[in-house]
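Trainee: Hey, I've just been handed this one and I'm new to it. Can you walk me through the fold?
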Amino acid sequence: MRVISGKCRGTKLIAPDGTTTRPTADRVKETIFNIINFDLPRCRFLDLFSGSGAIGIEALSRGADCAVFVEADEKALAVIKKNLEKTRLAQFATVYKSRVEEILREDIIGTFDIIFIDPPYNYELEKIVNFIVDRKLLNPGGKLIIENSRDSLDIITEGLVIKRTKLYATTKVNIYEEAVKLI
């Protein structure tokens, strides 16, 4: 696992031991970042279910102003911090030890231009996505990206539409944007 592009390009990252996290494959990560590349400079990036932190670190490497990482697992948190130190990006990052549902209820994380969600496969995400929409955590024109199992159901919610879907052997990536409201 490595940083694909940007100022930290080629830096090898570590992953948490065990099977509790599932790092995003480089091919999937590269596709995601090719799609959002022009949205990254100066953006605020939220990485939910951060695991190793590789996605948020990739965003920082490619020009995001800041990234917020949310992870509940103690071992994964230690790995995120080590990867941020290794890439020298810690000053642009905020790391929270919290369950995603809990941190989103608090008014401490702000709003974001890009929100990335990579939960454990088959995790119930509908409440989380609805909360993001209801609390307006996604800035106007922002993107919500969900990486999930290929057979997971798409989340349909008022306020967001799927703009792009990419399918892989075991993975599906949906990119959502604000729904255009007709007057």
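Mentor: Sure. Bear in mind it's a predicted model. Let's begin at Gly-63, just after helix 2, where phi is positive, at about 115°.

Trainee: OK, and helix 2 itself, is that mostly covered or not?

Mentor: Mostly covered: eight of its eight residues are buried. Among them are Ile-55, Ile-57 and Leu-60, but also Glu-58 and Ser-61.

Trainee: What do those buried residues pack against?

Mentor: Quite a list: helix 1 and helix 3, plus strand 1, strand 2, strand 3 and strand 4.

Trainee: Switching to the sheet, then. What's the strand order?

Mentor: It's 3-2-1-4-5-7-6, seven strands in an open sheet with mixed pairing.

Trainee: And which strands stand at the edges?

Mentor: Strand 3 (93-97) and strand 6 (160-167). Each has a single partner strand, so one side of each has no neighbour in the sheet. Going from one strand to the next, the twist averages 15°.

Trainee: How many bridges join strand 2 to strand 3?

Mentor: Five, and the two strands run parallel. Look for Val-68, which sits opposite Thr-94 in strand 3.

Trainee: Which strands does helix 3 touch there?

Mentor: Strand 2 and strand 3. Helix 3 covers residues 74-87, and its direction makes about 170° with that of strand 3.

Trainee: Last one: where does helix 1 lie?

Mentor: Helix 1 (residues 26-36) lies across strand 1, strand 4, strand 5, strand 6 and strand 7. Its angle to strand 5 is about 165°.

Key. Residues are numbered from 1 along each chain as its sequence is written. This is a predicted model: local features need pLDDT of at least 70, side-chain atom pairs count only at pLDDT 80 or more; totals for chains, interfaces and linings use all residues. Side-chain values use heavy atoms; hydrogens and water are left out. Two strands pair if DSSP finds at least two bridges between them. Helices (H or I, at least four residues) and strands (E, at least two) are DSSP runs, numbered from the N terminus. Axes are lines fitted to C-alpha atoms, for helices over the stretch in contact, and angles run from 0 to 180 degrees between N-to-C directions. Contact means heavy atoms within 4.5 Å. Buried means under 20% relative accessible area, exposed over 50%, partly exposed in between (1.4 Å probe, protein chains only).
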